[in-house]
Amino acid sequence: MPELPEVETTRRCLEAELAGAAVVSSEVRRSRMLRRQPRPADFADRLAGSTVTGFGRHGKFLVAELDRDLSWVTHLGMSGRIAVARAGAPEAPHTNVVVRFAGGRELRFVDPRTFGFMAVLADDELGSVLGGLGPDALTDLPRSAALELALARRSAPIKALLLDQRIVAGLGNIYADEALHRARIDPRRPGGTLAGAEIGRLRTAIRTTLAAGLRWGGTSLDDLAYLLPDGTAGEYKARLRVYGREDRPCRVCGTPIRRVMLRQRSTHWCPRCQT
DNA sequence: AACGATCCCTGTTGGC
DNA sequence: TGCCAACAGGGATCGT
C-alpha cells in the first residue's frame with residue numbers, strides 16, 4: 001500500500017529524526033533486498049561512515065542524500081515499511097535490513113513480501129533505477145495541456161495509465177481509484193477519450209486526493225503492512241471513498257460501489273457518479 | 001509502441 | 001477444524 005502519501009509521510013518522519021545522522025554499520029538479512037544494487041557489496045561499504053544530509057522522494061521512491069555524492073534509494077514495494085527505533089528494542093518480524101546510526105538509533109526496513117529494495121547508488125548508477133520515472137505527482141504535477149498530450153490516442157483504461165509511473169510518478173491502486181472518483185471519471189474509460197474539462201478535473205482530483213492522504217498520515221489497511229516510522233497507523237482508511245468499499249454506499253449519491261479486476265488490479269468506482 | 005498477462009514473495013482471508 | 005484457492009499497497013519482463 002505504500003503510495004506517494006505513505007512514502008512522503010515516511011520521508012517527513014525520517015527527515016525530522018535522522019537528517020544529519022552518521023551511519024555506523026548496516027546488516028542485510030535477505031540479499032534479495034539488494035537486487036537493484038549493481039554490486040551488492042557496495043551497499044554496506046558505501047553506507048559505513050556516510051552521513052545522511054537529507055531525505056528526498058520521487059514518486060514512491062525514497063531517496064536519502066549521503067555526503068560523498070551517493071544516493072541511498074529505498075522502494076517499499078507492496079508490504080514494505082520503515083521503522084526507527086533504539087538499538088535493542090524489540091524487532092518486528094521480517095526486518096530484512098538494519099542500518100545503525102551513531103547515537104544508538106537504527107533504521108529498520110520491514111518487508112514480508114520482499115517486493116521492496118534498497119540500494120546505495122553513485123550518480124552514474126541512479127538513472128538505471130530512477131531514470132524512467134515521470135514527474136512527481138505531488139511536487140511537479142503536469143499542467144492540463146501536458147496531461148492531455150500524454151493521454152491522447154491512448155486506448156488503455158485511464159486507471160491503468162494513472163498507475164504508469166512513466167506518465168506521473170506516485171499514484172498506486174488506492175489513490176488512483178480515489179482520484180478518479182473525485183474527478184467523476186469511469187476508471188475503464190480509454191485515456192484518449194477524456195475531454196478537456198475532464199482532464200482539468202482529474203488534475204485537481206489528483207492534487208486534492210494526495211493532499212488528503214498526506215494530511216492523515218497515509219492509509220494503513222491493517223496493522224501488518226504500512227505504518228509510520230514510529231509504529232503508529234495512518235488514518236486515511238476511514239476516509240476512503242471507493243477503495244475497499246465494494247457494495248457499500250457511495251458517500252456522494254448512495255449507489256453501491258462496484259469492483260472489477262482491471263489489469264489484474266482490483267478497481268473500485270461508483271457507477272452513478274463516474275462516467 | 002502500446003497493451004495485457006505473468007511472475008516475483010509471504011501472509012491473510014473466505015469458501016467448502 | 002482443516003485445507004486450499006484467491007487476493008493483497010508494486011513493478012519488471014515477456015509475448016502479441
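Which residues does W269 touch, not counting residues up to four places away in sequence? I would like to start there, and I should say at once that this is a predicted model, so everything that follows is computed from predicted coordinates. W269 is found in strand β10, and, leaving out those sequence neighbours, W269 touches D186, P187, R188, V242, I257, R258, R259, V260 and Q274. Its relative accessibility is 0%, and because buried means under 20%, W269 counts as buried. There is also a link to a helix that will come up again, since W269 and E178 are 91 residues apart in sequence and yet 8.4 Å apart in space, taken from C-alpha to C-alpha.

E178 belongs to α6, and α6 is mostly covered, with ten of its eleven residues buried. The buried ones are N173, I174, Y175, A176, D177, E178, A179, L180, H181 and A183, and what these residues pack against is α1, α5, α7 and β10. At the end of α6 comes R184, whose phi is positive, near 60 degrees, although R184 is not a glycine. R184 sits in the loop between α6 and α7, and with a relative accessible area of 43% R184 is partly exposed.

Let me turn to the packing around α7, beginning with the nonpolar core. The largest nonpolar core has 29 residues, and the members that touch the most others are I158, L162, L202 and I206. The elements that give two or more residues to this core are α4 (144–151), α5 (158–163), α6 (173–183) and α7 (196–215). If you display L202 and leave aside its neighbours within four places in sequence, you will find L202 in contact with I158, L162, L180, A183, I185 and L194. A second core, separate from this one, has 27 residues, and F43, V97, V99 and A122 are among them.

Now to the helix pairs. Two packed helices are described by the angle between their axes and the distance between the axes, and I will take three partners of α7 in turn.

For α6 and α7, the axes come within 8 Å and cross at roughly 130 degrees, and the two helices are therefore oblique to each other. The crossing in which α6 passes α7 is right-handed. On the α6 side the contact is made by Y175, E178, A179, L180, R182 and A183, and on the α7 side by R201, L202, A205, I206, T208, T209, L210, A212 and G213. Sorted by class, this contact has nine nonpolar, three polar and three charged residues.

For α4 and α7, the axes come within 9 Å and cross at roughly 110 degrees, and these helices are therefore roughly perpendicular to each other. Here too the crossing is right-handed. S144, L147, E148 and L151 of α4 make the contact with G196, I199, G200 and R203 of α7, and by class there are three nonpolar, three polar and two charged residues.

The third partner is helix α1, residues 4–18, whose axis and that of α7 come within 9 Å and cross at roughly 45 degrees, which makes α1 oblique to α7. This crossing is right-handed as well. L4, P5, E8, T9 and R12 in α1 meet L210, G213 and L214 in α7, and the residues of this contact divide into four nonpolar, two polar and two charged. You may notice that L210 and G213 of α7 were also named in the contact with α6.

To finish, let me return to β10 and the residues on either side of it. In the loop between β9 (258–262) and β10 lies Q264, whose phi is near 70 degrees, a positive value in a residue other than glycine. At 71% relative accessibility, Q264 counts as exposed, whereas W269, within β10, is buried. In the segment after β10 (265–269) we find P271, which counts as partly exposed at 33% relative accessibility. Not counting residues up to four places away in sequence, P271 touches T255, P256 and R258, and R258 is also one of the residues that W269 touches. From C-alpha to C-alpha, P271 and V97 are 44 Å apart in space, with their positions 174 residues apart in sequence, and V97 belongs to the second core that I mentioned earlier.

Note on methods
Residues are numbered from 1 along each chain as its sequence is written. Chains are lettered from A and ligands numbered from 1 in the order in which they are written. This is a predicted model: local features need pLDDT of at least 70, side-chain atom pairs count only at pLDDT 80 or more; totals for chains, interfaces and linings use all residues. Side-chain values use heavy atoms; hydrogens and water are left out. A nonpolar core is a set of buried Ala, Val, Leu, Ile, Met, Phe, Trp, Tyr and Cys residues joined through side-chain atoms within 4.5 Å. Buried means under 20% relative accessible area, exposed over 50%, partly exposed in between (1.4 Å probe, protein chains only). Helices (H or I, at least four residues) and strands (E, at least two) are DSSP runs, numbered from the N terminus. Contact means heavy atoms within 4.5 Å. Axes are lines fitted to C-alpha atoms, for helices over the stretch in contact, and angles run from 0 to 180 degrees between N-to-C directions. Angles under 35 degrees count as roughly parallel, over 145 as roughly antiparallel, 65 to 115 as roughly perpendicular and the rest as oblique. A crossing is left-handed if the near helix is turned anticlockwise from the far one by less than a right angle, and right-handed if clockwise. Ala, Val, Leu, Ile, Met, Phe, Trp, Tyr, Cys and Pro count as nonpolar, Asp, Glu, Lys and Arg as charged, and the others, Gly among them, as polar.
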